[in-house]
Amino acid sequence: MAFRADIFWKSACGRCPDCGAPVRGADDETGRLARLWDTPAHCAGCGMTLRRKEGFFLGAIVWNYGLTAFGVLPLVLAAYRLGWLEAVWAIRLAVAAIFVVPPLIHAFAWRLWLGTYYGFLSDQLPSGGRRLDD
Ligand SMILES: [Zn+2]
């Protein structure tokens with residue numbers, strides 16, 4: 001089982017991990033702000049199911065938590081350690097970040113999860129024979 005970085009990269013960039021087309025078609029009317037947390041249910045290019053059945057979202061939550069806890073919060077801690085923030089403002093900023101950041105990176109975390117999943121299990125892509133309706 002070799003990791004397919006090309007599939008991960010396609011997905012991370014908002015493209016379908018299978019066909020490579022943008023997952024949002026030209027007729028997608030989702031607002032720019034809503035695109036931060038909304039992931040289309042199906043690829044606009046090939047119809048591949050992007051939001052699979054119950055439980056699949058847990059991988060996106062792991063990415064979301066990881067990016068928030070190990071990507072954003074260390075920046076707040078570093079700002080405090082460097083003296084750029086007082087302790088009370090660092091705490092306020094950290095609390096605000098844990099509520100604001102996850103919804104704003106939800107779609108990105110979902111794309112990273114799709115890329116991770118299909119990067120490792122590329123044989124489960126529809127082009128590999130898996131059904132489209134799962
Ligand atoms: Zn597709």
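The expected span of a helix is 1.5 Å times one less than its number of residues. I open with that rule because it can be applied directly to helix α4, residues 106–120, in the predicted model before us. With 15 residues, α4 should span 21 Å, and its end C-alpha atoms are indeed 21 Å apart, so expectation and model agree.

Let me now place that helix in its context. The protein contains 4 helices and 0 strands, and the order along the sequence is accordingly written α-α-α-α. The C-alpha trace spans about 55 × 40 × 25 Å along its principal axes. Of the 134 residues, 22% are buried. Among contacts with a separation of 6 or more, 63% join residues 24 or more positions apart.

I return to α4 and its surroundings. How many of the 15 residues of α4 are buried? The count is 12, and the helix is thus described as mostly covered. Among the buried positions are W110, W113, Y117 and Y118, together with R111 and G115. The partners against which the buried residues of α4 pack are α1, residues 5–12, and α2.

The packing of α2 with α4 deserves a closer description. The two axes come within 8 Å of each other and cross at roughly 120 degrees. Angles from 65 to 115 degrees would count as roughly perpendicular; α2 and α4 are therefore classed as oblique to each other. Their crossing is right-handed. On the α2 side, the residues involved are G59, A60, W63, N64 and L67, and they meet H106, A109, W110, L112, W113, T116 and Y117 of α4. Sorted by class, this contact comprises 8 nonpolar and 4 polar residues, with no charged ones.

A general point helps in reading such lists: an α-helix has 3.6 residues a turn, so residues three or four places apart point the same way. With that in mind, one may look at A109, W113 and T116 among the α4 residues that meet α2.

The second helix pair to consider is α2 with α3. Here the axes lie 10 Å apart and the packing angle is about 160 degrees. Since angles over 145 degrees count as roughly antiparallel, this makes α2 roughly antiparallel to α3. The crossing of α2 past α3 is right-handed. From α2, the contact draws on N64, T68, V72, L73, V76, A79 and Y80; from α3, it draws on A87, A90, L93, A94, A97, I98, V101 and P102. By class, there are 13 nonpolar and 2 polar residues in this contact, and no charged residue. N64 of α2 thus appears in the contact with α3 and in the contact with α4.

Two individual residues complete the picture. L85 sits in the loop between α2, residues 58–81, and α3, residues 87–104. Is L85 buried, exposed or partly exposed, and why? It is partly exposed, because 18 other C-beta atoms lie within 10 Å, whereas a buried residue would need 20 or more. Leaving aside residues up to four places away in sequence, L85 touches A79, Y80, A90 and L93. Its C-alpha atom is 33 Å from that of A12, a residue 73 positions away along the chain.

F99, by contrast, belongs to helix α3. F99 is exposed, because its 9 other C-beta atoms within 10 Å fall under the limit of 12 or fewer. The C-alpha atoms of F99 and G55 are 22 Å apart, with their positions 44 residues apart along the chain.

Note on methods
Residues numbered from 1 in each chain as written. Predicted model: local features only at pLDDT ≥ 70, side-chain atom pairs only at ≥ 80, totals over all residues. Helix = DSSP H or I, 4+ residues; strand = E, 2+ residues; numbered from the N terminus. Contact = placed C-beta atoms within 7 Å. Axes fitted to C-alpha atoms, helices over the stretch in contact; angles between N-to-C directions. Parallel < 35°, antiparallel > 145°, perpendicular 65-115°, else oblique. Left-handed = near helix turned anticlockwise from the far one by under 90°. Nonpolar A, V, L, I, M, F, W, Y, C, P; charged D, E, K, R; others polar.
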